[in-house]
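Dear colleague,

I am passing on the structure we spoke about, with its sequence, and below it you will find my notes on what turned up when I went through it. Please read them with the model open beside you.

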Amino acid sequence: MKKLLLFTLSLLVLSCAKDLDYDVVEYTIVPEKLVIAEDAGLRLASNIVHGNVDINVKLPSAGTYRIRVLDLTNRIVSQDKIQAPKGDNILKVYHSTLPYQSYTVELLTWEGASLRIYVLAIQQ
């Protein structure tokens, strides 16, 4: 009984973990390191991240999309819905709740079709 209680408690704590925080950053022009040539894409300012990172999410049309973060075992550690216009959308991502390791960031349509994948490493 004690093991079941501990398991349930740990599951509750893990399920209540804070997601990544996103802020939309307004730029008049897209910084050179975030430029995307394709119609749709995902680009981070750097593959190795400290503190927070800017992401350009370039969308083929206005609408609702998902940004999903997966760990090394392809387990979803964060998933957020974004509503954004067509074109370049700069987001500032705060990842202080994630352990230091490598992650895959994926841009998906609301229906679940993958548009782009990007790999990053979070370091101290």
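Strands β5 and β8 run antiparallel and are joined by six bridges, and one pairing to look for is that of Val-69 with Val-105, its bridge partner in β8. Please keep in mind throughout that this is a predicted model. These two strands belong to an open sheet of five, ordered β3-β9-β8-β5-β6, in which the pairing is mixed. Because β3 (48-49) and β6 stand at the edges with a single partner strand each, one side of each is left without a neighbour in the sheet.

The largest nonpolar core is made up of 21 residues, and those with the most contacts inside it are Leu-42, Ile-55, Val-57, Ile-67, Leu-107 and Leu-120. Two or more residues are given to this core by each of β2 (41-44), β4 (52-59), β5 (63-70), β6 (76-84), β7 (87-94), β8 (102-109) and β9 (114-122), with the largest share, four residues, coming from β4. As a general point, nonpolar side chains in soluble globular proteins tend to be buried together. If you select Leu-120 and set aside its neighbours within four places in sequence, you will find it in contact with Leu-44, Asn-47, Val-49, Gln-101, Ser-102, Tyr-103 and Val-105.

Two polar residues also deserve a look. Lys-58, which has its place in strand β4, is buried yet has no salt bridge, the nearest side chain of opposite charge being that of Asp-88 at 4.6 Å. What, then, lies 3.0 Å from a polar atom of the Lys-58 side chain? It is the backbone oxygen of Ile-36. Not counting residues up to four places away in sequence, Lys-58 touches Ile-36, Ala-37, Glu-38, Asp-39, Ala-40, Gly-41, Gly-87, Asp-88 and Leu-107.

The other is Asn-89, found in strand β7, which counts as buried because its relative accessible area is 10%, the cut-off being under 20%. Its side chain reaches the backbone oxygen of Pro-85 at 3.0 Å. Leaving aside neighbours within four places in sequence, Asn-89 is in contact with Ile-55, Asn-56, Val-57, Leu-59 and Ala-84; of these, Ile-55 is 34 residues from Asn-89 in sequence, while the two are 8.1 Å apart in space, C-alpha to C-alpha.

With best wishes

Definitions and conventions
Residues are numbered from 1 along each chain as its sequence is written. This is a predicted model: local features need pLDDT of at least 70, side-chain atom pairs count only at pLDDT 80 or more; totals for chains, interfaces and linings use all residues. Side-chain values use heavy atoms; hydrogens and water are left out. A nonpolar core is a set of buried Ala, Val, Leu, Ile, Met, Phe, Trp, Tyr and Cys residues joined through side-chain atoms within 4.5 Å. Buried means under 20% relative accessible area, exposed over 50%, partly exposed in between (1.4 Å probe, protein chains only). Contact means heavy atoms within 4.5 Å. Two strands pair if DSSP finds at least two bridges between them. Lys and Arg count as positive and Asp and Glu as negative; His and the chain ends are not counted. A salt bridge is a side-chain nitrogen of Lys or Arg within 4 Å of a carboxyl oxygen of Asp or Glu. A polar contact is a pair of N or O atoms within 3.5 Å; within protein, one must be able to donate a hydrogen and the other to accept it, and residues adjacent in sequence count only if both atoms are side-chain atoms.
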